[in-house]
Amino acid sequence: MANNTANGQPTKEFFVEMLTRDIDLNDAILDLLDNCLDGVVRLSSSQKNKLEDSNFYKGYSAEINISNNKFSIKDNCGGIPRDIAENYAFRMGRVQETDTDHPTIGIYGIGMKRAIFKIGKAAVVHTKSSQEKYTVIIPSDWARSSDWTFPIEENSEKNTLTSDGTEIIISPLNSSISDLWKNASNLNAFVENLRKAIQESYSLIIQKGFCIKINGHKVEGNPVELLVKKGTDKEGVRPFVFTNQYGSVNVKLAIGFYAPMASDDDIDKMNESKRSSYDAGITVVCNDRVVLYNDKSSLTGWGIAGVPNYHNQFIGIKGIAVFESNNPKDLPMTTTKRGVDHSSAVYIAVKDKMCEGLKMFTNYTNQWKGRNEQERTYSTVAEKTSFDDLFSEKAQKEYGVTMRHEARGNTYRPALPKPKIEKPYRVIRFSKSIDDIKTVSIHLYGDVDEKITASMVGEKCFDAILDQSKNGG
């Protein structure tokens with residue numbers, strides 16, 4: 001008898017291929033770290049306020065181990081409750097809104113499965129949650145079978161977890177991963193690249209106490225600090241600060257200097273060595289996860305709305321925009337969590353404020369250009385201050401950062417110092433060969449001293465000709 005229906009059931013091979021095709025290997029591993037952090041949020045949110053507690057992740061950790069035939073990640077972040085494992089955690093996509101009361105990072109419920117299938121052919125997931133201890137097995141032939149479930153073993157001897165947490169062991173590896181990691185130099189290069197990606201993406205989380213290790217080595221964070229003039233006097237080098245609430249999304253923004261503005265010689269050295277301005281730019285964070293790191297493009301306001309394109313003369317300018325929400329879908333981040341959704345209404349509104357802050361400090365840099373010694377009487381007395389401190393009571397009491405309530409949020413606009421206009425100034429810049437500069441330097445100063453810079457030589461030449469001109473020489 002003929003069948004009156006056509007089979008429209010998806011195949012598991014299709015799901016696995018589509019899930020893993022467009023995600024980078026590093027991003028897949030970061031998804032596993034995101035799961036660890038979401039565990040901390042669910043476990044700790046009733047005792048701590050994530051937005052206000054600077055040590056929210058203290059005591060929690062994740063250890064990643066990578067070899068030529070196995071990948072594993074182990075954490076102490078609460079484990080997977082049995083009912084969650086049976087009904088939600090291992091399904092291909094989120095079944096219901098399980099995190100509407102927590103500022104987690106995961107959105108679609110695919111991170112762990114996508115990472116496992118990206119890295120290997122089979123895996124075991126050991127977990128301990130409260131008094132429950134069990135292991136979920138993902139067999140190597142799962143994608144070829146018609147069964148969508150995974151077997152669970154009770155109290156497996158291989159599950160050695162002693163504290164509430166999860167351990168994922170992936171082996172054997174996919175052939176492409178195995179080929180990459182079987183060479184020691186390739187494996188070391190991958191681990192170093194992963195370390196840098198973690199350092200960038202979890203800089204705030206590490207700063208808040210979370211410990212991450214790769215093959216036994218701790219990953220150090222990059223704390224976000226800006227220069228702030230201490231005291232409540234009006235004028236001084238302080239950052240532009242903004243806060244607002246957009247529906248479920250809480251926003252904090254700060255833009256300022258993390259280091260004194262670059263001198264002409266600093267810029268020359270950067271141009272000669274072709275060094276990138278790694279530490280400058282705007283960082284965007286969603287629920288503590290860095291999704292855009294030190295960006296210097298139009299995504300964060302550079303080169304638009306009256307803001308100049310990034311140039312090495314702006315190397316001292318840094319900013320950070322933090323978006324927090326109990327509903328991750330409202331956050332302006334892409335599905336890979338490695339980029340911003342620039343069409344987000346919330347992000348568009350905050351981007352206007354990014355432009356306002358950038359304009360203040362690019363204008364300041366241009367005003368003081370060529371007068372670095374004078375400017376540094378202001379910037380060198382400012383202290384490096386943690387980003388979090390700018391939004392605490394300490395900000396107003398110790399640094400004079402007083403927010404002004406406006407229709408579009410709360411804003412602090414610093415009264416930045418302005419150069420005294422004694423004479424109109426113009427910067428003179430030109431390039432000469434290093435050998436010719438040394439020749440002139442010896443003529444002017446005698447023995448070449450490393451402290452004699454190219455701009456000092458140029459200024460000395462100009463002053464000599466100026467004296468001759470004034471004296472009729």
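# Close-up views of a predicted model

**View 1. A pair of neighbouring strands, β10 and β11, in the predicted model.** Tyr 246 has Val 249 of β11 as its bridge partner. The two strands concerned are β10, covering residues 240-246, and β11, covering residues 249-257, and they are paired in the antiparallel sense through seven bridges. In general, the strands of a sheet are held in pairs by backbone hydrogen bonds, in either a parallel or an antiparallel arrangement.

**View 2. The open sheet of seven strands to which β10 and β11 belong.** Read across the sheet, the order of the strands is β13-β12-β14-β11-β10-β17-β16, and the pairing among them is mixed. The edges are occupied by β13 (289-295) and β16 (404-406), and because each of these has a single partner strand, one side of each is left without a neighbour in the sheet. On average, and with direction ignored, neighbouring strands of this sheet are turned by 15° against each other.

**View 3. An open sheet of eight strands that includes β6.** Here the strands follow the order β5-β4-β3-β6-β2-β1-β7-β8, again with mixed pairing. The strands at the edges are β5 (152-154) and β8 (217-218), each of which pairs on one side only. Helix α4, made of residues 111-119, lies across β2, β3, β4 (132-138) and β6, and the helix runs at about 30° to β6.

**View 4. Strand β6 and the partners on its two sides.** Strand β2 (residues 71-75) is joined to β6 by four bridges, and these two strands run antiparallel. Within this pairing, Lys 74 has Glu 167 of β6 as its bridge partner, while Ser 72 is matched in β6 with Ile 169. Strand β3 (residues 123-129) also pairs with β6 in the antiparallel sense, over six bridges, and in β3's pairing His 126 stands opposite Glu 167.

**View 5. How strand β6 is enclosed.** Is β6, which spans residues 165-170, buried or exposed? Six of its six residues are buried, so the strand is largely enclosed by the rest of the structure. In a regular strand, side chains alternate between the two faces of the sheet. On one side of β6 the buried residues are Gly 165, Glu 167 and Ile 169, and on the other side they are Thr 166, Ile 168 and Ile 170, so that both faces of the strand are covered.

**View 6. A salt bridge between distant parts of the chain, Arg 413 with Glu 356.** The side chains of these two residues meet in a salt bridge with an N to O distance of 2.5 Å. Arg 413 is placed in the loop between β17 and α12, whereas Glu 356 is placed in helix α9 (residues 345-367), and the two are 57 residues apart. Arg 413 counts as partly exposed, at 36% relative accessibility, and Glu 356 is also partly exposed, with a relative accessible area of 22%. Both residues take part in a network of salt bridges that links them with Lys 353 and Glu 406.

**View 7. Two further salt bridges, among the 16 found in the whole structure.** In helix α11 (residues 393-399), Lys 397 and Glu 393 lie four residues apart, which is about one turn of the helix, and their side chains meet in a salt bridge at 3.7 Å, N to O. Both Lys 397 and Glu 393 are exposed. The side chains of Asp 179 and Lys 182 likewise meet in a salt bridge, at 3.7 Å from N to O. Of this pair, Asp 179 is partly exposed, at 46% relative accessibility, whereas Lys 182 is exposed, with a relative accessible area of 57%.

**View 8. A nonpolar patch on the surface.** Which residues form this patch? They are Ile 428, Phe 430, Phe 462 and Leu 466, and together they have about 430 Å² of accessible area. Phe 430 is located in the loop between β17 (409-412) and α12 (434-445). The relative accessible area of Phe 430 is 59%, and because exposed means over 50%, this residue counts as exposed.

**View 9. Lys 438 in helix α12, shown with Ala 454.** Lys 438 is a residue of helix α12 and counts as partly exposed, at 46% relative accessibility. Lys 438 and Ala 454 are separated by 16 residues in sequence, and their C-alpha atoms are 8.7 Å apart in space.

Key: Residues numbered from 1 in each chain as written. Predicted model: local features only at pLDDT ≥ 70, side-chain atom pairs only at ≥ 80, totals over all residues. Heavy atoms only, no water. Patch = residues over 30% accessible without salt bridge, like charges linked within 9 Å, V, L, I, M, F, W, Y side chains within 5 Å. Areas by Shrake-Rupley, 256 points an atom, 1.4 Å probe, with all protein chains shown as cover. Salt bridge = Lys/Arg side-chain N within 4 Å of Asp/Glu carboxyl O. Buried < 20%, exposed > 50% of the residue type's maximum accessible area, 1.4 Å probe, protein only. Pairing = 2+ DSSP bridges. Axes fitted to C-alpha atoms, helices over the stretch in contact; angles between N-to-C directions. Contact = heavy atoms within 4.5 Å.
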